[in-house]
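Good morning, colleagues. I should like to take you through one structure, beginning with a single pair of charged residues and working outwards from there.

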Amino acid sequence: MQDSTVKSPLAQLRPVLSLLADGRMHSGESLGAALGISRAAVWKQLQKLGQYGLVLESVKGRGYCLRGGLDLLAAEKIHAALGDRSRSLLHSLILRDEVDSTNAQLLALMEAGTGHAVVMFAEYQSTGRGRRGRHWVSPFGAGILLSVGWEFSGGVQSLEGLSLSVGVALARALGRFEVPGVRLKWPNDIWCRGRKLAGVLLELKGDLTDRCGVVIGIGLNSGLRGQAAGAIDQPWADLQRVCPGIPRNLLAATILDELLPLLKDYPEQGFRAYRDAWAALDQFAGQPVVLQSGTETWRGTAAGVSDKGALILEMAGELKYFHGGEISLRGQV
């Protein structure tokens with residue numbers, strides 16, 4: 001296991017964040033005494049929290065607090081909560097306070113040949129990416145931001161349906177906490193009660209016909225707050241609102257317990273081992289939907305997915321097959 005804290009603008013704020021994480025009121029004097037700095041220096045640090053999506057409340061004569069507190073990730077807690085098989089499959093676990101993008105970091109490791117079975121969590125991403133180039137809103141400590149690097153033999157064809165299978169793994173992890181209303185939206189979204197809870201982004205490196213590396217990025221909302229929540233451009237769900245009290249470190253470990261064995265076994269099992277489970281959670285099964293890619297639009301009835309993970313659309317009595325890429329799906333209004 002590797003627990004790495006990379007120096008960043010957030011590094012100097014970590015001590016004060018650790019004190020405020022309990023959600024209680026702290027006076028400037030007590031914070032300064034605990035940190036060994038002046039009240040003026042404390043004030044300067046607190047002013048920087050807003051840029052990370054943290055909403056600081058102040059009460060004259062009493063002090064400051066982060067309403068609701070923070071459940072900070074800790075690499076040692078995640079590692080300790082892993083099952084035996086996941087722990088044996090994991091090469092290294094990296095936790096960073098701040099990165100540009102966990103996927104970008106893992107892609108660089110894959111390029112260098114050191115990214116296989118490496119897991120990276122981050123508390124904050126400055127340029128987190130979603131599918132189709134969208135920005136993934138991720139205020140500090142408000143969810144699970146995770147990337148995993150894995151190498152496969154057999155080229156990109158052996159990875160057909162992988163993003164859908166990862167969705168099943170996430171749904172199973174949430175199922176361990178009895179999260180209600182979890183569904184899957186083709187090709188890589190996890191919904192909860194009709195709104196987006198999490199997304200998956202796969203990116204490839206290497207020889208697409210032989211041995212290639214895949215970075216699996218996951219973003220899951222848990223504890224969104226303030227202006228950051230208002231910046232999301234689609235209906236969203238938040239785990240702490242739907243099922244409050246789930247510890248982030250335990251959730252992180254549970255996701256890895258589902259994901260790492262999947263990646264290890266995928267070359268032999270493929271999507272066929274997950275197709276039925278995906279179909280049982282299909283958000284739009286049997287419903288009229290609209291597909292769009294650039295200027296092209298298709299309308300029909302969602303009829304499940306193929307053994308290779310392609311969406312099946314019934315149009316005028318015929319079945320049409322659509323693979324991922326730049327295609328978006330939405331229900332007909």
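**A walk through the model**

D307 is partly exposed, because its relative accessible area is 47%. Please bear in mind throughout that this is a predicted model.

Which residue forms a salt bridge with D307? The partner is R275, and the closest N and O atoms of the two are 2.6 Å apart. This pair links distant parts of the chain, as R275 belongs to helix α11, residues 275-280, while D307 sits in the loop between β11 (296-305) and β12 (311-315). The two residues are 32 apart in the sequence. R275 has a relative accessibility of 27%, so R275 too counts as partly exposed.

Let me place that pair among the other charged contacts. A search of the whole structure finds 12 salt bridges. One of them joins the side chains of E57 and R67, at 2.8 Å from N to O. E57 lies in strand β1, residues 56-59, and R67 in the loop between β2 (63-66) and α4 (75-81), 10 residues away. Is each partner buried, partly exposed or exposed? E57, at 29% relative accessibility, counts as partly exposed, whereas R67, at 52%, counts as exposed.

Another salt bridge connects the side chains of R85 and D265, with 2.9 Å between N and O. Here the partners are 180 residues apart: R85 is in helix α5, residues 84-89, and D265 is in helix α10. Both are partly exposed, R85 with a relative accessible area of 39% and D265 at 21% relative accessibility.

D265 brings us to helix α10, which deserves some time.

Helix α10 runs over residues 248-269 and has 22 residues. From its first C-alpha to its last it reaches 30 Å, close to the 32 Å expected at 1.5 Å a residue. Where does α10 bend? The bend, of about 40°, is at L263, and a proline, P267, follows within four residues. Just after the helix, G270 takes a positive phi of about 65°.

Why is α10 described as largely enclosed by the rest of the structure? The reason is burial: 16 of its 22 residues are buried, so the helix is largely enclosed.

We can now turn to the interior. The largest nonpolar core has 70 residues, and F121 and V179 touch the most other members. Helix α10 provides the largest share of this core, 10 residues. A second, separate core has 18 residues, including L13, V42, Y64 and L70. Returning to V179, we find that, leaving aside residues up to four places away in sequence, it touches L174, C192, L239, V242, C243 and I246.

Y64, from the second core, leads us to the aromatic residues. The whole structure holds five aromatic pairs. In one of them, W43 and Y64 are tilted, with 6.2 Å from centre to centre and 40° between the planes. W43 is in helix α3, residues 39-47, and Y64 in strand β2, 21 residues apart. The two rings do not share a category of exposure: W43, at 42% relative accessibility, counts as partly exposed, while Y64, at 17%, counts as buried.

Finally, I should like to point out some details of the backbone. Most residues other than glycine have a negative phi, and most peptide bonds are trans. Against that background, which residues does a cis peptide bond join? They are W186 and P187, with an omega of about 0°. P187 lies in the loop between β6 (182-185) and β7 (189-192).

Two further residues, neither of them a glycine, have a positive phi of about 55°: E178 and A316. E178 is in the loop between α7 (162-175) and β6. Its relative accessible area is 68%, so E178 is exposed. A316 is in the loop between β12 and β13 (318-322). With a relative accessible area of 86%, A316 is exposed as well.

That concludes the tour, and I thank you for your attention.

Technical notes: Residues are numbered from 1 along each chain as its sequence is written. This is a predicted model: local features need pLDDT of at least 70, side-chain atom pairs count only at pLDDT 80 or more; totals for chains, interfaces and linings use all residues. Side-chain values use heavy atoms; hydrogens and water are left out. A nonpolar core is a set of buried Ala, Val, Leu, Ile, Met, Phe, Trp, Tyr and Cys residues joined through side-chain atoms within 4.5 Å. Buried means under 20% relative accessible area, exposed over 50%, partly exposed in between (1.4 Å probe, protein chains only). Contact means heavy atoms within 4.5 Å. The expected span of a helix is 1.5 Å times one less than its number of residues. The bend at a residue is the angle between axes fitted to the seven residues ending there and the seven starting there. A salt bridge is a side-chain nitrogen of Lys or Arg within 4 Å of a carboxyl oxygen of Asp or Glu. Rings of Phe, Tyr and Trp (its six-membered ring) pair if their centres lie within 6.5 Å; planes under 30 degrees apart count as stacked, over 60 as edge-to-face and the rest as tilted.
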